[in-house]
Amino acid sequence: MKMFIDGKKVDARGGKTFDVLNSATLELIDKVPSAGVADVEEAIDAANRGKAVWAKTPVHERARIMQKCADAIDARREELAVSLSTEMGKLIREARPEVRVAAQILRGFAEKACHHYGQTMTEYQVGTENDIIFTRREPLGVVACISPFNYPVELSMQKIAAALAAGNAVIVKPASDNPLTVMKVVEICLENGIPGNVLQLLTGNGAVVGDLLAHSPRVNAITLTGSTEVGLRVAAAGAKTLKRVFLELGGNDPFVVFADADLELAIRDATLGRVQNAGQTCCSPKRFIVENSVRQKFIDGVVARIKGLKLGSPLDETTDMGSLISERAAAEVQKQVDLTVKQGARLVCGGHIFNKTYYEPTILDGVTLEMDIAGALECFGPVFPIIGFDSEDEAVAISNHTPYGLQAGVMTRDMGRAMRVASRLECGGIVINSSGNYRHLDQPFGGWKMSGVGREGVSVTLDEMTQEKSYILKNILQK
Ligand code: NAD
């Protein structure tokens with residue numbers, strides 16, 4: 001496929017391309033352009049023309065076009081889901097709902113934008129009795145949307161739809177391992193009425209393309225979902241031009257199981273939450289903090305569940321877990337598991353790569369706070385580090401023992417305790433009686449601490465994608 005700049009399908013000016021592989025089989029699917037400085041500048045030029053066009057388009061018309069794009073995505077759901085499953089190893093059963101939710105996100109932002117109001121002020125300040133002051137929410141200008149590999153369609157759409165609904169021009173930069181389905185979705189939007197200069201898409205090395213976008217004075221905002229490491233770079237680059245930077249970053253989420261919990265439910269949701277997307281989910285449970293009196297029972301239950309999982313082709317409707325995104329990703333998980341074992345954890349099951357990009361569901365017991373995996377190390381694979389505790393205070397302290405703070409899950413039949421613990425956890429969202437692997441498209445999703453800056457969801461992102469302007473009609477009521 002090609003990039004989209006100013007309504008045209010284009011190669012990189014320098015002629016460079018890179019390969020996109022089927023993650024499960026490593027077969028070549030396609031080659032896409034590797035953008036350089038000239039391509040990025042061209043996209044920024046076009047978007048700066050597009051921002052004026054789109055800001056002048058009335059919101060009802062923007063919304064109508066976005067609804068049409070959503071219908072067109074729905075109509076091609078199966079084709080897009082197969083594309084997504086093939087390029088990233090995601091189960092076809094998980095790819096379909098991801099495409100569906102992307103269309104819902106488009107509709108949600110289109111509807112919300114039609115009712116996104118400013119404010120009017122009262123005359124309570126003495127001397128302003130004859131003034132009328134109101135505000136309008138106006139677009140930021142050009143918004144660069146940089147997205148990760150793990151939920152490429154859904155997470156790109158959270159950014160694209162919000163930015164477009166708010167009247168901004170957009171430059172999309174999808175992840176390099178699997179950009180194809182996002183490219184198809186952008187193509188559908190362009191075919192269904194989004195003007196060519198309003199929506200551009202660049203493919204290429206993140207450290208080149210993403211960095212140029214983050215540094216450019218002609219890009220007004222960057223919204224990135226990705227690792228904390230890249231988020232820190234983008235924040236530093238964006239600060240040079242004081243652009244708005246919204247960051248949805250990594251996590252090392254706790255899943256706290258008290259002894260009074262419904263243990264079967266805890267075992268089921270721990271397993272489902274961790275193996276979904278082969279463990280490559282920002283808010284999947286990544287540390288299992290289990291009361292010592294039920295720890296062994298919990299481990300035995302998860303082992304039994306893991307044994308019953310069918311690992312294999314993501315396109316097979318009966319498969320429970322597909323591949324990781326790449327050989328590099330599998331090697332990284334192996335390195336993290338080996339390190340944790342070296343630091344003293346006990347390998348209960350799993351612990352190996354198979355078929356090059358697959359990783360066995362792996363349980364590591366006896367994890368302690370001194371080990372990296374209990375704190376700053378985010379493991380993006382189906383790995384279950386188990387940490388025991390004996391008191392509520394200890395469970396909270398272990399949960400908060402990480403620089404991250406995305407989401408959490410708390411399992412207990414005592415609702416008072418659930419709410420007490422939830423109120424003490426340093427994170428953006430807590431799921432009571434399931435794992436934190438949960439996202440509603442309206443929810444203000446986002447992290448505390450090193451998990452990000454800002455909140456994303458239909459209920460909140462339009463505020464972030466607009467700036468408020470005050471209109472002052474001075475002395476307008478004076479006779
Ligand atoms: P990544 O940080 O490697 O890449 C994310 C995007 O940033 C890609 O498009 C990449 O090309 C681009 N990029 C890379 N270097 C850049 C630079 N210097 N400047 C600008 N852009 C650059 O992340 P990934 O491996 O694709 O995704 C996994 C990570 O994303 C995990 O840490 C996960 O927790 C996190 N994530 C967070 C959320 C959330 O909502 N908080 C959701 C999904 C994933």
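**Figure 1. Lys449 and Asn433, two residues with positive phi in the loop between β19 and β20 of the predicted model.** Lys449 is partly exposed, since its relative accessible area is 37%, and the residue sits in the loop that runs between β19 and β20. Although Lys449 is not a glycine, its phi is positive, at about 50°. Asn433 belongs to the loop between β19 (429–432) and β20 (452–453) as well, and for this residue, again not a glycine, phi is positive at about 65°. With a relative accessible area of 26%, Asn433 also counts as partly exposed, because that class takes in values from 20% up to 50%.

**Figure 2. The surroundings of Asn168, a loop residue ahead of β7.** Asn168 is placed in the loop between α5 (152–165) and β7 (169–173), and its relative accessible area of 0% makes it a buried residue. Leaving aside residues up to four places away in sequence, Asn168 touches Trp54, Pro139, Leu140, Gly141, Val143, Ala163, Val198 and Met465. For a sense of distance across the view, the C-alpha atoms of Asn168 and Tyr471 are 21 Å apart in space, while the two residues are separated by 303 residues in sequence.

**Figure 3. Pro314 and Ser326, two buried residues in the loop between α10 and α11.** Pro314 is located in the loop between α10 and α11 and has a relative accessible area of 5%, so the residue is classed as buried. Its contacts, not counting residues up to four places away in sequence, are with Ala24, Ser85, Gly89, Lys90, Leu91, Ile92 and Tyr358. Glu98 lies 216 residues from Pro314 in sequence, and the C-alpha to C-alpha distance between Pro314 and Glu98 is 14 Å. Ser326 is found in the loop between α10 (292–307) and α11 (327–342), and its relative accessibility of 9% means that Ser326 counts as buried. When residues up to four places away in sequence are set aside, Ser326 touches Asp177 and Thr357.

**Figure 4. Thr271 within helix α9.** Thr271 is part of helix α9, which covers residues 263–275, and at 2% relative accessibility the residue is counted as buried. Beyond residues up to four places away in sequence, Thr271 is in contact with Val302, Arg305, Ile306, Leu309 and Phe384.

**Figure 5. Helix α6, a mostly covered element.** Helix α6 takes in residues 180–191, a run of 12 residues, and its first and last C-alpha atoms are 16 Å apart, close to the 16 Å expected at 1.5 Å a residue. Of the 12 residues in α6, 10 are buried, and these are Leu180, Thr181, Val182, Met183, Val185, Val186, Glu187, Ile188, Cys189 and Leu190. The buried set therefore includes the charged side chain of Glu187, given that Glu is counted as negative. Just after α6 comes Gly193, for which phi is positive at about 120°.

**Figure 6. Helix α8 and the elements that its buried residues pack against.** Helix α8, formed by residues 228–239, has 12 residues and reaches 16 Å from its first C-alpha to its last, close to the 16 Å expected at 1.5 Å a residue. Thr228, Gly231, Val234, Ala237 and Gly238 are buried in α8, and the buried residues of this helix pack against α7 (206–215), β9 (221–225) and β10 (244–248).

**Figure 7. The whole chain, shown as context for the close-up views of the predicted model.** The chain contains 14 helices and 21 strands, and its C-alpha trace spans about 80 × 60 × 40 Å along the principal axes. A compact globule of 479 residues would have a radius of gyration near 23 Å, and the 24 Å of the chain agrees with that expectation. Buried residues account for 56% of the 479 residues, while the accessible surface comes to about 19,200 Å², with 54% of it belonging to carbon and sulfur atoms. Among contacts between residues at least 6 apart in sequence, 73% join residues at least 24 apart. The side chains include 54 positive and 58 negative ones, and the centres of these two sets lie 4 Å apart.

Notes: Residues are numbered from 1 along each chain as its sequence is written. This is a predicted model: local features need pLDDT of at least 70, side-chain atom pairs count only at pLDDT 80 or more; totals for chains, interfaces and linings use all residues. Side-chain values use heavy atoms; hydrogens and water are left out. Helices (H or I, at least four residues) and strands (E, at least two) are DSSP runs, numbered from the N terminus. The radius of gyration is taken over C-alpha atoms; the globule rule is 2.2 Å times the number of residues to the power 0.38. Buried means under 20% relative accessible area, exposed over 50%, partly exposed in between (1.4 Å probe, protein chains only). Contact means heavy atoms within 4.5 Å. Accessible areas come from the Shrake-Rupley method with a 1.4 Å probe; for residues, only the protein chains shown count as cover. The place of a charge is taken as NZ of Lys, CZ of Arg, CG of Asp or CD of Glu. The expected span of a helix is 1.5 Å times one less than its number of residues.
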